[in-house]
Amino acid sequence: MADKAQTWVYTEDYVAESDALTAASAVASELGATPVSSGTGAALRMLAAVSGARAVLEVGTGAGVSGLWLLDGMAPDGVLTTIDVESELLGHARRNFIAAGLSSHRTRLIAGRALDVLPRMAARGYDMVVLDGDLDETPQYLDHAVRILRPGGTIAFVHALWHDQVADPARRDARTVVAREVVNYLRDSEEFGHTLLPVGDGRAVAVKH
């Protein structure tokens, strides 16, 4: 098989970041909160746009980079609910949203551990759920995502290929195993239509039947 590294880089750089995204990405990197790549962000924006998402829930806010991509794809009156255990990061995300000219009415930032917050989310209340939090807890996040997604809603799991290790069956470290199990669950579940996108660190996408 031909080496696809060059094609991968080309794909990642295909969509340019806005000035607001570039600034937010710089802040995230300074804080050690690795921002999503432009390829990953563009995929999130496209998923939000094609689904006409008005209510999106994100686990793992970081400095708001992925949130900016999502909001750009959501309906103009859409609201992003985003959860992060690090209140400092949420503060930076809020500032990045304001700097991008977004109304405060379009975001709901929740500080707390996702597994404590998700049980309070309304059943069938969301058009899209993005899982980008603690990888070890992602299987539990997924259980809640199934409940809170409306029929036809979309799950996007970030880090689905986990540093290019998920595809290698010889890789058996704990986090690779968790990522592989989540990807396989989405593939094998009769509740979802699914695909796996080779962008960023891998993106598993599933649509609830």
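**Figure 1. The largest pocket and its lining in this predicted model.** Welcome to the first close-up, which is centred on a pocket lined by 36 residues. Nearest its centre lie G60, G62, D84, D132 and G133. The space in this largest pocket comes to about 740 Å³. Three elements give two or more residues each to the lining: helix α2 (19-31), helix α4 (65-73) and strand β2 (79-84). Sorted by class, the lining holds 14 nonpolar, 14 polar and eight charged residues.

**Figure 2. The largest nonpolar core, with F157 as a guide.** Here we turn to a core of 33 residues. L57, L118, M121, V129, L131 and F157 have the most contacts inside this core. Many elements contribute: β1 (55-59), α6 (114-117), β4 (126-131), α7 (138-148), β5 (149-158), α8 (174-188) and β7 (203-208) each supply at least two residues. F157 is a handy residue to follow, and its partners beyond four places in sequence include L131, L135 and T138. Also in contact with F157 are A179, V182 and V183, together with G202, R203 and A204. Do not confuse this core with a second, separate one of 28 residues, among them V36, L68, M74 and V158.

**Figure 3. E58, a buried acidic side chain in strand β1.** E58 belongs to strand β1, and it counts as buried because its relative accessibility is 1%. Which side chain makes a polar contact with that of E58? The partner is S66, at 2.3 Å. Further along the sequence from E58, its neighbours in contact are S66, G67 and L70, then L80, T81, T82 and I83, and finally V130. For a sense of scale, E58 and T22 are 36 residues apart in sequence, with their C-alpha atoms 20 Å apart in space.

**Figure 4. D127 of strand β4 and its polar contact with R150.** D127 sits in strand β4 and counts as buried, since its relative accessibility is 13%. Its side chain is joined to that of R150 by a polar contact of 2.5 Å. Setting aside residues up to four places away in sequence, D127 touches A53, R54 and A55 on one stretch of the chain. On another stretch, D127 touches L149, R150, G153 and T154.

**Figure 5. V205 in strand β7.** V205 is another buried residue, with a relative accessible area of 7%. How far apart in space are V205 and I155, C-alpha to C-alpha? The distance is 5.7 Å, although 50 residues separate V205 from I155 in sequence. I155 is also among the contacts of V205, as are T154 and L47. The remaining partners of V205 beyond four places in sequence are G193, H194, T195 and L197.

**Figure 6. H159 and W162, with positive phi in the loop between β5 and α8.** Most residues other than glycine have a negative phi. H159 goes the other way, with phi near 65°, and W162 also has a positive phi, of about 35°. Both H159 and W162 lie in the loop between β5 and α8. Is each one buried or partly exposed? H159 is partly exposed, since its relative accessible area is 26%, whereas W162 is buried at 13%.

Definitions and conventions. Residues are numbered from 1 along each chain as its sequence is written. This is a predicted model: local features need pLDDT of at least 70, side-chain atom pairs count only at pLDDT 80 or more; totals for chains, interfaces and linings use all residues. Side-chain values use heavy atoms; hydrogens and water are left out. A nonpolar core is a set of buried Ala, Val, Leu, Ile, Met, Phe, Trp, Tyr and Cys residues joined through side-chain atoms within 4.5 Å. Buried means under 20% relative accessible area, exposed over 50%, partly exposed in between (1.4 Å probe, protein chains only). Helices (H or I, at least four residues) and strands (E, at least two) are DSSP runs, numbered from the N terminus. Contact means heavy atoms within 4.5 Å. On a 1 Å grid over the protein atoms alone, a cavity is a set of points where a 1.4 Å probe fits but cannot get out, and a pocket is an open set with protein on both sides within 12 Å along at least five of seven lines; lining residues have an atom within 4 Å of a point. Grid points are joined across faces, edges and corners, and a volume is the space filled by probe spheres set on the points. Ala, Val, Leu, Ile, Met, Phe, Trp, Tyr, Cys and Pro count as nonpolar, Asp, Glu, Lys and Arg as charged, and the others, Gly among them, as polar. A polar contact is a pair of N or O atoms within 3.5 Å; within protein, one must be able to donate a hydrogen and the other to accept it, and residues adjacent in sequence count only if both atoms are side-chain atoms.
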